[in-house]
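Here is a short tour for anyone who likes to look at pockets and contacts before setting up a calculation. Please open the model and follow along.

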Protein chains: 2
Amino acid sequence: MNDIETLERSRTMVIDAIAQNIDLYGLTPSAGRLYGLLFYSNKPLTLDEMKEELGMSKTSMSVSVRSLLDLNMVEKVWVKGERKDLYSIKEDWYECFFDFFTIKWRIAITMNNSAMEKSIAKLQQLIDDPQTSDKIREQALIDIKKLEERLEYYDWQNRLIDSFETKEILNFIPIEKKKD
Amino acid sequence: MNDIETLERSRTMVIDAIAQNIDLYGLTPSAGRLYGLLFYSNKPLTLDEMKEELGMSKTSMSVSVRSLLDLNMVEKVWVKGERKDLYSIKEDWYECFFDFFTIKWRIAITMNNSAMEKSIAKLQQLIDDPQTSDKIREQALIDIKKLEERLEYYDWQNRLIDSFETKEILNFIPIEKKKD
DNA sequence: TAATACGTACAGAAATAACCGTACGCATTA
DNA sequence: TAATGCGTACGGTTATTTCTGTACGTATTA
């Protein structure tokens, strides 16, 4: 095995691992391989270069890049005199990790929160309605209690994500260099 | 609309929201609906009851329950005199949230970590090999630097998850009751 | 203004996953 | 030991997602 082949093989091994685990971020393995390619690339790449490198269609590259852009894992860079769009990886891993929660988790929590608050309001109406049977009123009270516990939990999650967004979490779990 | 219908509708709204967002945990919407059903259920349910309630096959229930068990979102409970397996939701949301990272994220981090450490070892061999060209040696050094930065990041992630696993994170982001 | 080239919507094809019904291994009961 | 009934592995089917090639809107250049 020659030296360049060894280097390539070393990279492929890492890229495969990244591609396999990137589903934690809700991304496809293809997007993961693209991310790995950008991880190793020493310069920003165009869609055509990605297409060439990964042997996939330009459309797929366009889609994958956008999904990575949506999560702030990749950024569009502007280079003087270059007509094509260029993309490179976001170097700040921590920022990227925090953004993921700020983007994806926050939305999910907000949706659940909203549904539960609406639900509580409806149940309260039901309880206040004199026509409601005792049986149902009792169950509505139980449901409200459950939902309110859950809302407390979402509030906690939001506060955790706040600490990500403001990076205050780094006061608690600091970025410390391993070898000092 | 009668009272029982209103109650049901209130529940469905919440269950739909949960089912829609549970993909953050790598689960299918079906598993999410099952989770919602268990959320509202006041007693542990058997596979047959779930099947009946959701109008799905018993096989699907079996698979969904297991995926929820794997994430510690649901637990098997034993009831005297009952031959069937009974399942109920894990009430401790925080524990469940922490377990998710301890289970899923830890594995992913470990895999990536391992691939990168192996990769670094190979690259180091390549650098030490006198037959390696200068060009490749230079690139190998660049790659090693990138990988080591990444390993530092994974170390940070591991420390964050440690604080989840030990619940020390609650010292930083406390569970405080909203209305006091 | 005309020409060129870029990135993406769109629709069909390929791959993947979700689901169901059957059948089986295993445990509990009689 | 025989009989009953549980949960799950397996294979086929359906549904969903992923990918590709074409075609188009838009922006830049001449």
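The notes below cover two pockets and the surroundings of a DNA strand.

This is a predicted model, in which local features need pLDDT of at least 70, side-chain atom pairs count only at pLDDT 80 or more, and totals for chains, interfaces and linings use all residues. Residues are numbered from 1 along each chain as its sequence is written, chains are lettered from A and ligands numbered from 1 in the order in which they are written, and side-chain values use heavy atoms, with hydrogens and water left out.

**Largest pocket**

- The largest pocket holds about 530 Å³ of space (a pocket is an open set of points on a 1 Å grid over the protein atoms alone, where a 1.4 Å probe fits, with protein on both sides within 12 Å along at least five of seven lines; the volume is the space filled by probe spheres set on the points, which are joined across faces, edges and corners).
- Its lining (residues with an atom within 4 Å of a point) has 20 residues, and A:E8, A:R11, A:L37, A:Y40 and A:E53 lie nearest the centre.
- Two or more lining residues each come from α1 (3–21), α2 (29–40) and α3 (47–54) of chain A and from α6 (134–165) of chain B (helices are DSSP runs of H or I, at least four residues, numbered from the N terminus).
- α1(A) gives the largest share, 7 residues.
- By class, this lining has 8 nonpolar, 4 polar and 8 charged residues (Ala, Val, Leu, Ile, Met, Phe, Trp, Tyr, Cys and Pro count as nonpolar, Asp, Glu, Lys and Arg as charged, and the others, Gly among them, as polar).

**Second largest pocket**

- About 400 Å³ of space lies in the second largest pocket.
- Its lining counts 21 residues, with A:D23, A:L24, A:Y25, B:L24 and B:G26 closest to the centre.
- The largest share of this lining, 5 residues, belongs to α5(A).
- The lining divides into 12 nonpolar, 5 polar and 4 charged residues.

**DNA strand C**

- Around DNA strand C there are 15 residues, the closest being A:S62, A:K84, A:D85, B:S30 and B:S60 (near means a heavy atom within 4 Å).
- Sugar and phosphate make up 74% of the strand C atoms that come within 4 Å of the protein.
- Phosphate oxygens of strand C lie 2.4 Å from a polar side-chain atom of A:S62 and 2.8 Å from a polar backbone atom of A:D85.
- A side-chain N or O atom of B:T59 is 3.0 Å from a base oxygen of strand C.
- α4(A) supplies the largest share of this surface, 4 residues.

Note on methods:
Polar contact = N/O pair within 3.5 Å; in protein donor to acceptor, adjacent residues only side chain to side chain.
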